[in-house]
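Please read the points below with the sequence and the model side by side. They go from single elements to single residues and end with the chain as a whole.

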Amino acid sequence: MKFSEYWLCKWFSVHIDHNSLLKNFSAAGLEVTSIEKVSKYFKNVIIGKITKCIKHPKNSKLYINTVDIGLPTTLNIVCSNKNCRVNLKVAVATLESTFPNAYKTHTMNIKHYISEGTLCSAYTLGISLYDSKKIIEFPKNAPIGADVYKYLKLYDNIISINVTTNRTDCSSIFGIARDLSLVSGYKLKKPIFNKIFPVTQEKLLISVKSPKFCPRYIGRVIKNINVNVTTPIWIAEKLRRSGFISQGIIKDLSNYILLELGQPIFAYDLKKIEKKIIVREAKSNEIFFLSHNKTISLTSGTLVIASDTNILSIAGIIHSMYSHITIDTKDIFLECAFFDPEKILNCSHDYNLYTETSQYYGNGNVDPFFSFSVFERFTALLLKICGGEPGPVINITCKKFLPVLKNIILYKKKITRLVGNFVTKKEIENILLRVGCKLISTKFFWNVYIPTWRSDLSIEEDLIEEIFRVYGYDNIPGIPIDFPIKPSVSTTTILPLQRIKVLLSDRGYQEVITYSFVNPKIQKLIFPMKQALNIINPMSQDMSVMRLSLLTGLINVATYNKNRQQNRIRIFESGLCYIPDGNACFGVRQDFMLSGIVIGSRFNEHWDIPNREIDFYDVKGDLESIFYLTYNDSNIVFKNSTNNFILHPQKSSDIYYQGKSIGFVGVIHPVLKKKLNFTNVSIVLFELFYKYFYKYNIPYFNNITKFPVNRRDISIIIKNEISVKDVINLCKNTLYNKIVDINIFDIYKGKGIQNGYKSLSISIIFQCNTKTLQDEEISNMVNKCLTALKNKFKISLRNT
């Protein structure tokens with residue numbers, strides 16, 4: 001949200017300097033994202049009054065103006081702007097004026113008439129986003145001779161803040177000022193809302209057929225207004241500094257009230273409304289006419305404002321072409337309503353229509369109990385600027401569907417338990433009253449009634465957080481909370497996730513964090529046989545389903561980086577995945593996963609290292625390093641993968657721990673790789689179920705033996721389908737406590753080896769803790785190992 005610092009500060013009874021204001025933003029938890037000056041500095045541009053205006057005798061497009069600038073003598077200024085007229089207050093640049101671009105005004109002879117200055121437009125003064133290049137028109141009460149820079153408060157700052165979705169009360173200038181007043185203690189000026197009495201008794205019949213979605217609808221007829229009035233500069237400037245361009249007085253006033261008080265107000269041309277206003281749900285395929293003859297086919301359930309014959313607007317979102325205010329409009333109908341936020345949000349998503357008003361309604365920013373006051377404020381401003389004859393307020397309210405005031409029980413003991421006992425009861429009650437709550441105090445708790453504008457306060461913990469936000473985190477003493485600490489003994493040793501992250505980072509990976517909402521098209525490519533959970537109100541169609549795997553988000557990240565010339569990518573992520581499961585709580589199983597993608601070369605480019613693409617064994621080694629941390633690596637088994645949609649059938653493995661599948665690793669399937677537009681690059685993926693390998697065995701340490709190690713090598717011939725892992729495990733189990741290490745140092749298939757068989761060369765390291773092993777003992781152990789292999793796997797010794 002963007003706004004004028006001066007506008008905000010006017011809501012306080014005391015002057016607040018710039019630095020103090022920023023400090024209070026931080027204390028309130030409102031993030032300031034940027035600060036910029038309203039305008040570059042210029043000087044000696046003053047307010048003048050045109051006392052005489054005649055057309056140039058030799059050029060009908062020029063005007064000769066006599067301008068009073070508060071000095072004994074007047075100035076003659078030639079200007080081509082059409083809105084020059086007698087008694088107009090204008091910005092005058094004299095010979096002493098200087099502009100941001102170093103331009104200076106000079107005396108000029110224009111068609112034989114001397115021009116002694118310039119009548120300035122906003123463009124001339126370097127004020128951006130102003131509505132036109134016409135000369136600036138000041139109000140009639142603007143003082144002649146006043147400095148324009150000071151009069152327009154151009155020393156002001158434009159502040160941009162990030163309003164989080166839970167703090168909808170801070171979506172208006174008044175809301176922000178109210179919150180800053182709360183944390184700073186500065187007195188807030190109360191807004192003045194004078195009741196407008198009707199001049200005419202004309203009404204419009206209103207029928208609310210969907211009170212569930214529109215529990216409050218307020219309206220009023222105003223006749224004989226002038227919609228062609230120029231927007232006062234004080235309103236136009238505040239809008240400009242908030243990022244709004246002037247669009248005519250009615251729209252400008254609507255935007256002004258929206259920014260100031262956070263309540264959308266719609267205005268309709270009364271002449272275009274036939275008989276009555278109907279708030280209803282649209283019929284299926286009903287046509288809605290936008291401006292420029294564009295149409296939308298509405299779905300049933302869309303909330304609309306209609307007359308007997310036409311749809312006037314999609315409720316809370318946008319006008320139709322049948323209801324727009326035009327330069328010929330004389331009579332209008334004002335609408336101030338409360339619509340169901342979810343209904344408006346759904347309509348915005350359905351039709352991809354996002355307006356300022358739809359965001360206010362959809363985010364729940366609108367306080368239905370503030371509507372009458374805002375409506376009177378808007379009417380008063382409109383009558384003051386445009387004139388007119390107001391009718392009586394028409395109020396259609398269904399209290400049954402209005403938001404219910406929340407009531408929270410706040411226990412004193414809980415505050416003490418969570419944060420200590422340093423805030424007194426009187427201070428707590430004072431803070432809650434300043435927040436706007438109503439209290440009923442008892443011996444052990446408070447019954448707290450939440451103000452209607454604080455939708456973020458829902459549970460007891462919210463209230464406690466609010467108390468200490470207002471109290472000031474800097475004021476909390478650094479005293480440990482006094483509670484007995486019981487020593488606990490962990491019966492299960494857990495491998496911290498952080499340790500795994502550090503290991504992967506040490507091996508060249510970078511951690512990423514992606515949304516749990518993913519693109520359904522990408523996810524369907526990866527998991528064509530799985531059904532994902534659809535999101536009812538997605539942020540966009542590219543984020544409309546819950547992820548079944550972290551790989552969907554990682555692939556998006558990899559694609560983004562690959563498209564930006566990043567050819568070597570090593571990323572990982574940990575997080576929850578959401579799998580539909582009828583046997584799980586609420587029908588959704590949440591699995592915590594660890595996943596990664598590796599793309600490109602094995603090493604960074606180096607003159608002394610051969611360039612080689614990453615392969616399956618590189619990433620398998622990274623995973624084995626993780627398993628080694630658990631001291632359970634001997635129980636991990638890699639088997640040929642059955643995941644043929646994602647992984648290459650010959651270059652992938654499923655990973656098992658104690659017979660249970662805990663994940664997979666492998667090269668991406670060529671077909672999937674092509675669909676994802678990855679070309680000429682190696683890609684290896686992995687994904688693990690964290691819950692199956694996070695426990696680790698405590699290692700036991702022995703004294704270092706002083707006796708020597710002995711190595712023996714054997715070469716055996718074995719069937720291809722028998723895994724190397726099974727051979728190693730059998731050897732270890734046969735010679736338990738005798739083998740220090742066992743390793744496969746050669747695998748051979750080819751000449752001299754029968755088809756369907758392979759040759760394994762194995763090194764076995766023997767060592768005893770109590771004595772030096774003799775050759776005969778070592779030979780007996782080797783023979784024992786060979787006998788076990790022959791009995792189980794039918795191996796034979798290789799002679800050559």
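1. Helices and strands here are DSSP runs, numbered from the N terminus, where a helix is H or I over at least four residues and a strand is E over at least two. The model is a predicted one, in which local features need pLDDT of at least 70, side-chain atom pairs count only at pLDDT 80 or more, and totals for chains, interfaces and linings use all residues. Residues are numbered from 1 along each chain as its sequence is written, and side-chain values use heavy atoms, with hydrogens and water left out.

2. Start with helix 9, which covers residues 371-386. Its 16 residues reach 22 Å from first C-alpha to last, close to the 22 Å expected at 1.5 Å a residue; the expected span is 1.5 Å times one less than the number of residues. Just after helix 9 comes G387, with a positive phi of about 75°.

3. Which residues of helix 9 are buried? They are S371, V374, F375, E376, F378, T379, L381, L382, I385 and C386. Buried means under 20% relative accessible area, exposed means over 50%, and partly exposed is in between, with a 1.4 Å probe and protein chains only. These buried residues pack against several elements, among them helix 5 (233-241), helix 6 (249-261) and strand 20 (332-338). Contact means heavy atoms within 4.5 Å.

4. I385 of helix 9 is a useful single case. I385 counts as buried because its relative accessibility is 17%. Not counting residues up to four places away in sequence, I385 touches V229, P232, I235, I249 and L253. E342 is 43 residues from I385 along the chain, and their C-alpha atoms are separated by 35 Å.

5. Helix 6 deserves its own point. Why can helix 6 be called largely enclosed by the rest of the structure? Because 12 of its 13 residues are buried. The buried residues include I249 and L253, both of which I385 touches. D252, N255 and E260 are also among the buried residues of helix 6. The end C-alpha atoms of helix 6 are 18 Å apart, in agreement with the 18 Å that 13 residues should span at 1.5 Å a residue. Just after helix 6, G262 takes a positive phi of about 80°.

6. The two residues just named with positive phi are glycines, G387 and G262. Most residues other than glycine have a negative phi. K275 is not a glycine, yet its phi is positive, at about 75°. K275 sits in the loop between strand 13 and strand 14, and its relative accessibility of 70% is why it counts as exposed. N285, also not a glycine, has a positive phi of about 65°. N285 is in the loop between strand 14 and strand 15 (286-289), and at 54% relative accessibility N285 counts as exposed.

7. K271 is in the loop between strand 13 (266-269) and strand 14 (276-281). Is K271 buried or exposed? K271 counts as exposed, because its relative accessibility is 78%. K271 and D474 are 203 residues apart in sequence, and 59 Å apart in space from C-alpha to C-alpha.

8. Two further residues can be checked in the same way. S181 lies in helix 4 (residues 173-184) and counts as buried, because its relative accessibility is 12%. Leaving aside neighbours within four places in sequence, S181 is in contact with F12, Y186, K187, L188 and R434. F445 lies in strand 25 (residues 445-449) and is partly exposed, with a relative accessible area of 25%. F445 touches I409, L410, Y411, K412 and I440, not counting residues up to four places away in sequence.

9. Last, the whole chain. How many helices and strands does the chain have? It has 19 helices and 38 strands. The radius of gyration of the chain is 38 Å, where a compact globule of 800 residues would have one near 28 Å; the radius is taken over C-alpha atoms, and the globule rule is 2.2 Å times the number of residues to the power 0.38. Along its principal axes the C-alpha trace spans about 125 × 75 × 60 Å. Buried residues make up 47% of the 800 residues in the chain. Among contacts with a separation of 6 or more, 70% come from residues 24 or more positions apart.
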